[in-house]
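Welcome! Take a moment to look over the sequence and the 3D view, and then try the exercises at your own pace.

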Amino acid sequence: MEGIVHRTVEVNGIKMHIAEKGKEGPVVLFLHGFPELWYSWRHQIAALGSLGYRAVAPDLRGYGDTDVPSSVNSYTIFHLVGDVVALIDSLGVDQVFLVAHDWGAIVGWYLCLFRPERVKAYVCLSVPYLPRNPKVKPVDGMRALSGDDYYICRFQELGKMEAEIAKDSSEQVIKSMLTGRTTGPLILPKERFLFHPSTKPLPSWLSQEDVAYYASKFEKTGFSGGLNFYRNLNLNWELTAAWTGAQIKVPLKFITGDFDLVYTSSGTKQYIESGGFKKDVPNLEEVVIQEGVAHFNNQEAAEDISNHIYDFIKKF
């Protein structure tokens with residue numbers, strides 16, 4: 001954590017907390033997922049910040065020390081991408097190298113779709129491009145495919161998931177989510193508690209201090225901000241009709257683990273291997289499948305991810 005500086009910037013009508021290392025050099029912008037923070041990129045910030053880059057990682061809208069708007073409709077993809085564009089402007093640069101994971105990856109795809117001139121190259125973790133299906137709203141499609149207990153369907157009703165999460169401590173929720181190794185669609189049955197206390201020791205890549213840091217921030221903000229990203233999936237579908245069939249033209253490297261629940265769900269592996277991904281993202285240069293690695297690969301395989309990022313962006 002040495003050399004990482006924290007500050008707050010005003011973007012798109014909110015105050016956003018960012019962590020950064022390196023005052024000069026090309027900007028590498030890191031976007032986190034759910035339920036995470038800038039802290040998820042601590043290893044990559046240290047690595048890239050020591051290699052001549054300016055590494056920057058925000059807490060996204062609704063997370064950590066960034067503002068948490070109360071309205072669900074304040075979390076559309078236009079708000080999220082607007083925040084990132086304003087952040088890039090505040091850094092005083094025209095372009096960034098983008099690195100993103102999970103929900104951050106989804107925001108990253110839309111940034112590349114809406115404002116490709118702001119992204120020099122994109123290293124995407126876990127979530128490939130999800131082209132818009134003009135016939136089916138995303139949550140409706142997920143419900144038809146995986147049922148009402150599919151986690152994204154369970155996240156839709158305002159307040160309900162928050163109440164279930166409140167039955168457990170923030171620490172237990174974080175520990176359970178970050179260390180989960182479920183493959184295939186994530187199902188959350190209503191009949192049981194979601195986050196059972198575990199007697200298993202933490203994996204080597206996640207310390208009790210790490211868990212405590214995450215928990216301290218979610219104790220302050222709650223989980224509604226992050227859940228609201230999911231609650232706008234159908235609205236985002238309506239708002240982005242004009243981009244149906246659009247390709248992503250930014251140079252790309254995609255990295256996932258073979259235990260990742262996204263990679264092992266809903267035809268993702270077939271989409272990648274069949275050439276569908278390359279068709280939608282013609283400048284996809286490389287796909288990396290990490291053996292034995294699950295969803296949070298930027299933390300579980302931190303050094304490997306840092307090396308992959310550097311090997312890709314140093315070419316530009």
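Below are five exercises, each followed by a worked solution.

This is a predicted model, where local features need pLDDT of at least 70 and side-chain atom pairs count only at pLDDT 80 or more, while totals for chains, interfaces and linings use all residues. Residues are numbered from 1 along each chain as its sequence is written, and side-chain values use heavy atoms, with hydrogens and water left out.

**Exercise 1. Find R61 and describe its surroundings.**

Step 1: locate the residue. R61 sits in the loop between β4 (54-58) and α2 (77-90). Helices (H or I, at least four residues) and strands (E, at least two) are DSSP runs, numbered from the N terminus.

Step 2: is R61 buried or exposed? Its relative accessible area is 4%, so R61 is buried. Here buried means under 20% relative accessible area, exposed over 50%, and partly exposed in between, with a 1.4 Å probe and protein chains only.

Step 3: look for polar partners. The side chains of R61 and D83 share a polar contact of 2.7 Å. In addition, a polar atom of the R61 side chain lies 2.9 Å from the backbone oxygen of S74. A polar contact is a pair of N or O atoms within 3.5 Å; within protein, one must be able to donate a hydrogen and the other to accept it, and residues adjacent in sequence count only if both atoms are side-chain atoms.

Step 4: widen the view. Leaving aside neighbours within four places in sequence, R61 is in contact (heavy atoms within 4.5 Å) with residues including N12, Y75, H79 and F229.

**Exercise 2. Work out the setting of S126 and which side chains it meets.**

Step 1: S126 is in the loop between β6 (119-125) and α4.

Step 2: with a relative accessible area of 1%, S126 is buried.

Step 3: which side chains make polar contacts with that of S126? One is the side chain of D260, at 2.8 Å. Another is the side chain of H295, at 3.0 Å.

Step 4: setting aside neighbours within four places in sequence, the contacts of S126 also include H101 and D102. D102 belongs to the loop between β5 (96-101) and α3. Its phi is near 60 degrees, a positive value in a residue other than glycine. At 9% relative accessibility, D102 counts as buried.

**Exercise 3. Explore the aromatic rings.**

Step 1: how many aromatic pairs does the structure hold? There are 30. Rings of Phe, Tyr and Trp (its six-membered ring) pair if their centres lie within 6.5 Å; planes under 30 degrees apart count as stacked, over 60 as edge-to-face and the rest as tilted.

Step 2: inspect one pair. W38 and Y213 are edge-to-face, at 6.1 Å centre to centre with 85 degrees between the planes. W38 lies in the loop between β3 (27-31) and α1 (42-49) and Y213 in helix α8 (residues 208-221), so this pair ties together parts 175 residues apart in sequence. W38 is buried at 1% relative accessibility, whereas Y213 is partly exposed at 23%.

Step 3: try another pair. The ring centres of Y271 and F277 are 5.6 Å apart and their planes are at 35 degrees, so this pair is tilted. Both Y271 and F277 are buried.

Step 4: look for a cluster. Ring pairs link a group of residues, among them F34, Y63, W103, F229 and Y230. F34 is also joined to P35 by a cis peptide bond, with omega about -5 degrees.

**Exercise 4. Trace the link between I77 and distant parts of the chain.**

Step 1: I77 is in helix α2, and its relative accessible area of 0% makes it buried.

Step 2: I77 and W237 are 160 residues apart along the chain, yet their C-alpha atoms are separated by 9.5 Å.

Step 3: beyond neighbours within four places in sequence, the contacts of I77 include W103, N236 and T240.

**Exercise 5. Examine S266.**

Step 1: S266 is in the loop between β7 (252-257) and α11.

Step 2: at 49% relative accessibility, S266 is partly exposed.

Step 3: check the backbone. Phi of S266 is near 50 degrees, a positive value in a residue other than glycine.
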